[in-house]
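These are my notes on one structure, taken down as I looked things up.

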Amino acid sequence: MTRTVLFAIAILAGLAILALAPAFLGEYGLGFMVSLMSYVTLATAWAMFSGPTRYISLATVAFFGIGAYTVAVFNETLPYPFVLIVAISIGALLATFVGFATLRLAGVYFVIFSFGLAELVRQLITWFEVNITGTLGRYIFLPFETRHIYWQLLALAAVTIGIGFWIRQTRLGLALKVIGDDELVAAHSGIALARTKVLLFVLSASLMTLAGAIQSPRWVYIEPAIVFNPTISFLTVIMALLGGATRLWGPALGVIPLMILFEWLSASFPDHFSIFLGAMFILIVFLLPKGVLSAVETRLARLKREANA
Amino acid sequence: MTALLKLADVSKRFDGLVAVNQMKFDIKKGEIVGLLGPNGSGKTTLINLISGALSPSQGSICINGKNIAGKRADQIARAGVARTFQLVRILPSMTVLENARVPAAFGAKAHRGSEIDRIALTHLKKVGLGDKADMMPGELTYIDQKRLELARALAAEPEVLLLDEWLAGLNPSELQDGIALIKELQSTGLTILLVEHIMEAVRALCPRCVVMNAGTLIADGPTNEVLANPDVVAAYLGDEYDA
Ligand SMILES: Nc1ncnc2c1ncn2[C@@H]1O[C@H](COP(=O)(O)OP(=O)(O)O)[C@@H](O)[C@H]1O
Ligand SMILES: [Mg+2]
């Protein structure tokens, strides 16, 4: 009881400090914090689905981009909260279709499909804008400054981690843990595999869509190529896996060092950035699929056992 | 009285191979039936068909008159079929108690709240794991892992229990314990289909046996008669057979 109270106080204090960040940071620092909160949301949402199911999804930017692009289309005609609702609805609808259509694909086929999905959505929107509306490129006029966007993303990141925490207490969380351990046992215990996975995929995709929608006013001018940038998908996977996709705080912890690393890499080696990114993706996906934290823990546990023996 | 489990014309083809060929038998409520046959004769495949891990190429499988053939494994589990696996499958990241909680929460009864723990613990005690509830299954001995798998199947509170060589790999004293445990389950009125190679166990547990060879039913009747049946003896010749 007291532990829970202390934990809650610590979380609130942390949130309060983070909420005060705009008072201390300049425009560059705050921009960095905006990206940070965006990636904390994306990586945590990604892990919500991919952690227990072990599907490596590269569809992150499909949903993120849909969020951003929906705001670009509707920001002048609908009130902001409605724009967000429209964005979530489109993201969730797409995730439902994609979920039921693809979750029976195994391993690498799912990776390829999810990557293709983001490209497909981008090409479809581009085609539609060029041939039907004749307006490739849109402007977002919303009265938000960087700090307003930051606060919204901070709230979204907190809600996302909160949802992750809440799921762990529910039947859904238990079902996911079983699926993560052994799908066959899960099915024979009465757990509906497809429905459970699609539910999680939709929840995860909705949060990603919202992250894109909220962050979009930062760009002012939006084209499909900007908001459907595949780098976002790859970064999300690396961050979530680095910290450990099966832990609640793992993905968030993975974001911080990688944000700093990538900020430095893209400034110092802009031409080789994507090589680093690809190498890192392969390294982490193949060598440390359970995350760096858990690899370190396993190593430490083994050392301790050997020391005791 | 109608059959609790009724198989009619059940077949399963894998590409060219017919692993199960027009199998047909009934099991009454409360009955314990042995499923015998040499290695590769299709016993595990038949268990997979009944439990929904595989769907039959043809035929019907009825529980209480309701055809479940081709339904998903989770639907069949909720219809009252529980199973163990020939190679033990425990949930490694969850405690012994959590392992047993899963079917209590998601099975036919879909219990809620503290009832889940109560059901899980009841069945852990029944198999003799009451004092190991907080251990990780990886720390259990082989027989205890098998017990855990049985407790997990029982926590679903099934109508039919499918045991795939649950007694295999036990030492002689463990085997006696195992046989006593299954006897006790049957005395509570549970219906059991038991795949088994150990003839001592079959004789002790099953008044009736069905025998498969190369996917086909070759005998169905009282255990003594079935084991003396020349077709059954011929099927087992050449197969290592510990009678
Ligand atoms: N998933 C599968 N795909 C292809 N062949 C299979 C599959 N499962 C079982 N078989 C084949 O079906 C036959 C029966 O196997 P099985 O049911 O495991 O026999 P038993 O349990 O009686 O030893 C074997 O020849 C086996 O190789
Ligand atoms: Mg077998």
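Where in chain A does Gly137(A) lie? I found Gly137(A) in the loop between α6 (107-133) and β1 (138-139) of chain A. I note here that the model is a predicted one.

**Entry: Gly137(A)**

I looked up whether Gly137(A) is buried or exposed. Gly137(A) is buried, because its relative accessible area of 14% falls under the 20% limit. Setting aside neighbours within four places in sequence, I listed Tyr221(A), Ile222(A) and Glu223(A) as the contacts of Gly137(A). I also checked Gly137(A) against Phe49(A): the two are 88 residues apart in sequence, and their C-alpha atoms are 32 Å apart in space.

**Entry: where the chains meet**

I counted 26 residues of chain B in contact with 16 residues of chain A. The area buried between the two chains is about 1,900 Å², and carbon and sulfur atoms give 62% of it. On the side of chain B, Arg89(B), Leu91(B) and Phe106(B) lose the most area to chain A, together 29% of what that side buries.

Next I looked at pairs across this interface. The rule finds two salt bridges there. In a salt bridge, Lys177(A) meets Glu98(B) through their side chains, at 3.5 Å from N to O. Seven residue pairs are in polar contact across the interface, both residues being at pLDDT 80 or more.

Which helices of chain B each supply at least two residues of the side that touches chain A? I noted α2 (73-78) and α3 (96-106). Of these, α3(B) gives the most to that side, with six residues. By kind, the residues on the chain B side divide into twelve nonpolar, five polar and nine charged.

**Entry: the magnesium ion**

Which residues coordinate the magnesium ion (ligand 2)? I found Thr44(B), through OG1, and Gln86(B), through OE1, at 2.0 to 2.2 Å. Thr44(B) lies in helix α1 of chain B and Gln86(B) in the loop between β6 (81-83) and α3 of chain B, so the pair ties together parts that are 42 residues apart in sequence. Thr44(B) is partly exposed, at 26% relative accessible area. Gln86(B) also counts as partly exposed, at 34%.

I then read off Thr45(B), which is found in helix α1 (residues 43-51) of chain B. Thr45(B) is buried, with a relative accessible area of 13%. Leaving out residues up to four places away in sequence, Thr45(B) touches Lys12(B), Phe14(B), Ala19(B), Val20(B) and Leu54(B).

**Entry: salt bridges within the chains**

I found 17 salt bridges over all chains. One of them joins Lys197(A) to Glu183(A), with the closest N and O atoms 2.8 Å apart. Lys197(A) lies in helix α10 (residues 193-215) and Glu183(A) in helix α9 (residues 183-188), so this pair ties together parts of chain A that are 14 residues apart in sequence. Lys197(A) is buried at 5% relative accessible area, whereas Glu183(A) is partly exposed at 31%.

In chain B, I noted a salt bridge between Arg101(B) and Asp117(B), at 2.8 Å from N to O. Arg101(B) lies in helix α3 and Asp117(B) in helix α4 (residues 114-126), so the pair ties together parts that are 16 residues apart in sequence.

Arg147(B) and Asp144(B) form a salt bridge as well, at 2.8 Å from N to O. Both are in helix α5 (residues 142-155) of chain B, and being three residues apart they are separated by about one helical turn. Arg147(B) counts as buried at 17% relative accessibility, and Asp144(B) counts as buried at 5%. Lastly, I noted that salt bridges sharing partners join Glu31(B), Arg208(B) and Asp220(B) into one network.

Key: Residues numbered from 1 in each chain as written. Chains lettered and ligands numbered in written order. Predicted model: local features only at pLDDT ≥ 70, side-chain atom pairs only at ≥ 80, totals over all residues. Heavy atoms only, no water. Contact = heavy atoms within 4.5 Å. Buried area = accessible area lost by both parts, 1.4 Å probe. Salt bridge = Lys/Arg side-chain N within 4 Å of Asp/Glu carboxyl O. Polar contact = N/O pair within 3.5 Å; in protein donor to acceptor, adjacent residues only side chain to side chain. Helix = DSSP H or I, 4+ residues; strand = E, 2+ residues; numbered from the N terminus. Nonpolar A, V, L, I, M, F, W, Y, C, P; charged D, E, K, R; others polar. Buried < 20%, exposed > 50% of the residue type's maximum accessible area, 1.4 Å probe, protein only. Donors = N, O, S within 2.8 Å, 3.2 Å for Na, K, Ca; no water.
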